[in-house]
Amino acid sequence: MSKIIDAVTETGSRYRIDFERGLWFKIRRDGARQGSERLWSLQVGTELKWPWDAPDSWEDATLPEVGKHLYIAGKELWYASTPIVEIREVTWGQP
């Protein structure tokens, strides 16, 4: 079984990350799904700025961390999130 997590932000968005397949997408709090990308970069940070604007605030990571911002990127899509408030394991196909 693939390890899939939802990293839930304080604004209610979720970032679903499938580590076995190397894929991710964003689920807005209204349920709309945005993108589906190959995972190129995952970083955690202490400041809500792009990593290239505040490099000392960000570090490469293997998992999102509760209490920190998430920067996640693919080839065509990237986000810097509000702080992560919850990380939960999910199954493939779960809404």
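**Reading the terms against the values**

Student: What makes strand 3 and strand 4 a pair?

Tutor: Strand 3 (residues 23–27) and strand 4 (residues 33–38) run antiparallel and are joined by 4 bridges, and two strands pair if DSSP finds at least two bridges between them, so they count as paired. Strands here are DSSP runs of E with at least two residues, numbered from the N terminus. Within this pair K26 stands opposite Q34, and the two strands form a hairpin with 5 residues between them, where G31 in the turn has a positive phi of about 95°.

Student: What kind of model is this, and how are residues and side chains treated?

Tutor: This is a predicted model, in which local features need pLDDT of at least 70 and side-chain atom pairs count only at pLDDT 80 or more, while totals for chains, interfaces and linings use all residues. Residues are numbered from 1 along each chain as its sequence is written, and side-chain values use heavy atoms, with hydrogens and water left out.

Student: Why is G67 called exposed?

Tutor: Exposed means over 50% relative accessible area, buried under 20%, and partly exposed in between (1.4 Å probe, protein chains only); G67 has 56% relative accessibility, so it counts as exposed. G67 lies in the loop between strand 6 (58–60) and strand 7.

Student: How do you know that R14 and D6 form a salt bridge?

Tutor: A salt bridge is a side-chain nitrogen of Lys or Arg within 4 Å of a carboxyl oxygen of Asp or Glu, and the side chains of R14 and D6 meet at 3.0 Å, N to O, so the pair satisfies the rule. R14, at 16% relative accessibility, counts as buried, and D6, at 0%, is buried as well. D6, R14 and R16 are linked in a network of salt bridges.

Student: Why is the pair K68 and E59 called a salt bridge, and are these residues buried or partly exposed?

Tutor: Their side chains meet at 3.7 Å, N to O, which is within 4 Å, so the pair is a salt bridge. K68 counts as partly exposed because its relative accessibility is 21%, and E59 is partly exposed at 44%.

Student: What makes E37 a residue without a salt bridge?

Tutor: E37 is buried, and the nearest side chain of opposite charge, K75, is 8.3 Å away, so the 4 Å limit is not met. The side chain of E37 does reach the backbone nitrogen of K75 at 2.8 Å.

Key. Lys, Arg positive; Asp, Glu negative; His and termini not counted. Polar contact = N/O pair within 3.5 Å; in protein donor to acceptor, adjacent residues only side chain to side chain.
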